[in-house]
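Me: Hi! Could you walk me through this one? I'd like to start with the basics.

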Amino acid sequence: MNALPVLIIVWAIFTGLFLALLAYNSTLSRYEESQLFLDGNKAGYEQSHTTIVGKINKVLPYIRLTGAVSAVMTVLVIAIYTLDAWREIH
């Protein structure tokens, strides 16, 4: 049995999850800028900014993990496909 179709399905799941997490991170940080709040009048803005940065920092490890798994799976799928093609030629 060839494992390539199963690997492609697993790769598609991880890549889709990676892209979904990137889209979520993008929507969180769309209007965020690096800001420094010096006066106490804008405490609401500072709290909102802190909340968004906390959410971004919480999602970031998952983005890195799914991206790394997706990259490794890409290399693995290409290697197996190339190996199967090489065996068919010879």
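Reply: Happy to! One definition before we begin: the expected span of a helix is 1.5 Å times one less than its number of residues. Please also keep in mind that this is a predicted model.

Me: Good to know. How does H1 compare with the expected span, then?
Reply: H1 has 25 residues, and the distance from its first C-alpha to its last is 36 Å. That is close to the 36 Å expected at 1.5 Å a residue.

Me: And how many helices and strands does the protein have?
Reply: The protein has two helices and zero strands. H1 covers residues 4-28, and H2 covers residues 43-89.

Me: What share of the residues counts as buried?
Reply: Of the 90 residues, 19% count as buried. The protein exposes about 7,100 Å², and carbon and sulfur atoms supply 67% of that area.

Me: Which residues of H1 are buried?
Reply: They are Leu4, Leu7, Thr15, Leu21, Asn25 and Leu28.

Me: Thr15 caught my eye. Why does Thr15 count as buried?
Reply: Its relative accessibility is 15%, and buried means under 20%, so Thr15 falls into that class.

Me: What does the side chain of Thr15 have for a polar partner?
Reply: A polar atom of that side chain lies 2.8 Å from the backbone oxygen of Trp11.

Me: Let's switch to H2. Is Thr66 buried or exposed?
Reply: Thr66, which is found in H2, is buried, with a relative accessible area of 6%.

Me: Which backbone oxygens does the side chain of Thr66 reach?
Reply: There's the backbone oxygen of Tyr62, 2.9 Å from a polar atom of the Thr66 side chain. The Thr66 side chain also reaches the backbone oxygen of Ile63, at 3.3 Å.

Me: Leaving out residues up to four places away in sequence, what does Thr66 touch?
Reply: Thr66 touches Phe14, Leu17, Phe18 and Leu21. Two of those names come up elsewhere in our chat: Leu21 is among the buried residues of H1, and Leu17 lies in H1 as well.

Me: Why isn't Leu17 in the buried list?
Reply: Because Leu17 has 43% relative accessibility, it counts as partly exposed. That class runs between the buried limit of 20% and the exposed limit of 50%.

Me: How far is Leu17 from Gly67?
Reply: They are 50 residues apart in sequence, and their C-alpha atoms are 9.0 Å apart in space.

Me: Where else do distant parts of the chain pair up like that?
Reply: Take Ala12, in helix H1: Ala12 and Met73 are 61 residues apart in sequence, with 9.3 Å between their C-alpha atoms. Another pair is Asn2 and Ile80, which are 78 residues apart along the chain, with C-alpha atoms separated by 9.7 Å. Asn2 sits in the segment before H1.

Me: And how exposed are Ala12 and Asn2?
Reply: Ala12 is partly exposed, with a relative accessible area of 39%. Asn2 is partly exposed too, at 41%.

Me: Last one: what share of the contacts between residues at least 6 apart joins residues at least 24 apart?
Reply: For the protein, that share is 85%.

Methods:
Residues are numbered from 1 along each chain as its sequence is written. This is a predicted model: local features need pLDDT of at least 70, side-chain atom pairs count only at pLDDT 80 or more; totals for chains, interfaces and linings use all residues. Side-chain values use heavy atoms; hydrogens and water are left out. Helices (H or I, at least four residues) and strands (E, at least two) are DSSP runs, numbered from the N terminus. Buried means under 20% relative accessible area, exposed over 50%, partly exposed in between (1.4 Å probe, protein chains only). A polar contact is a pair of N or O atoms within 3.5 Å; within protein, one must be able to donate a hydrogen and the other to accept it, and residues adjacent in sequence count only if both atoms are side-chain atoms. Contact means heavy atoms within 4.5 Å. Accessible areas come from the Shrake-Rupley method with a 1.4 Å probe; for residues, only the protein chains shown count as cover.
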